[in-house]
Amino acid sequence: MPLDVILLVLFGALLHATWNAIVKAGSDKSLDASLISAGGAVSALPFLAFLPLPQNAAWPFIGASAILQFVYFQLVAAAYRAGDIGLVYPLMRGCAPLLIAATSGVVLRENLSGAALAGVMTISAGVLTLALEARRGSGRAVVLSIANAFVIACYTYVDGIGARLSGNAVSYTLWMSLLPPVLLFGWAASRRGSQAVLRHVRRNWWRGLIGGAGSIASYGLALWAMTKAPVATIAALRETAIVFALVISVAVFKEKAGAWRYVAGVVIAAGVLVLRLA
């Protein structure tokens with residue numbers, strides 16, 4: 001895999017870990033997830049006029065992606081209410097690339113080389129190792145995290161195909177970002193009332209803008225990379241975000257780090273090296 005692709009996906013992984021930490025730190029995780037989705041849409045708007053429209057074949061994928069992103073953000077918020085970031089994040093992000101690697105040959109007709117498959121498996125093993133040291137969690141947190149891994153795998157396929165059909169991965173990413181916040185805030189207003197939602201937005205808009213810009217940039221880099229390399233390898237490489245998330249969990253949330261965390265970091269780094277050499 002080209003070094004520039006690896007470096008850009010790793011930068012995207014850092015951005016992804018950052019916005020997840022913003023959700024975890026918030027007082028209302030459901031509305032904070034909605035704010036981050038809206039922040040991504042706001043960040044996208046100024047650039048739409050300078051980019052070509054996605055090709056017609058990509059629009060059904062944009063619609064399907066919006067629905068999956070709505071489900072994804074709901075599950076992210078629910079999982080973080082139920083368990084620690086040290087448990088939830090590894091399960092969500094570690095299971096997804098395994099699902100993609102196992103099915104990409106059927107879905108995309110992309111057959112990974114032995115070395116690439118070894119890299120994907122190594123990264124996923126490292127990520128999942130981190131769940132072993134979670135100090136606080138519940139069966140509900142585990143179920144929600146694994147359910148979201150299936151959603152992540154689904155929208156990765158949808159967006160990987162859609163970005164390729166669109167003719168421009170950046171344009172696809174920006175247009176794709178517009179509908180999910182409409183669905184999320186519409187759902188929140190119907191459940192909790194528009195006044196409560198507006199109060200939260202006024203107090204926390206900056207969280208959404210910062211996290212949303214990071215979210216859309218992170219995903220845009222991943223989708224661009226998927227036009228340059230197999231979807232399964234990019235999906236796995238993107239999960240190195242867990243290393244950044246765990247640094248944040250120790251430095252910001254003061255979660256204790258055990259031996260498994262360091263073992264996992266070494267395993268994930270080895271997986272990245274294998275992908276580089278594949």
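Guide: Partly exposed means a relative accessible area between the buried range, under 20%, and the exposed range, over 50%. Keep in mind that this is a predicted model.

Visitor: Why is Arg 192 called partly exposed?

Guide: Arg 192 has 41% relative accessibility. Buried needs under 20% and exposed needs over 50%, so a residue in between is partly exposed.

Visitor: What makes Arg 192 and Asp 28 a salt bridge?

Guide: Their closest N and O atoms are 2.2 Å apart. The cut-off is within 4 Å, so the pair counts. Arg 192 sits in helix H8, while Asp 28 is in the loop between helix H1 and helix H2, so the pair ties together parts that are 164 residues apart in sequence.

Visitor: And Asp 28, why is that one called buried?

Guide: Asp 28 comes out at 16% relative accessibility. Buried is under 20%, so the name fits.

Visitor: How do you know that Arg 207 forms a salt bridge with Asp 32?

Guide: The closest N and O atoms of that pair are 3.8 Å apart, and the limit is within 4 Å, so this one counts too. Here Arg 207 belongs to helix H9 and Asp 32 to helix H2, 175 residues apart. Both are buried.

Visitor: Helix H9 again! Why is Asn 204 called buried, but Trp 205 exposed?

Guide: Asn 204 has a relative accessible area of 13%, and Trp 205 has 51%. Under 20% is buried and over 50% is exposed, so each gets its own label. Asn 204 touches Asp 32 and Leu 35, whereas Trp 205 is one of the residues in a nonpolar surface patch.

Key. Residues numbered from 1 in each chain as written. Predicted model: local features only at pLDDT ≥ 70, side-chain atom pairs only at ≥ 80, totals over all residues. Heavy atoms only, no water. Buried < 20%, exposed > 50% of the residue type's maximum accessible area, 1.4 Å probe, protein only. Contact = heavy atoms within 4.5 Å. Patch = residues over 30% accessible without salt bridge, like charges linked within 9 Å, V, L, I, M, F, W, Y side chains within 5 Å. Areas by Shrake-Rupley, 256 points an atom, 1.4 Å probe, with all protein chains shown as cover. Salt bridge = Lys/Arg side-chain N within 4 Å of Asp/Glu carboxyl O. Helix = DSSP H or I, 4+ residues; strand = E, 2+ residues; numbered from the N terminus. Lists of a residue's contacts leave out its neighbours within four places in sequence.
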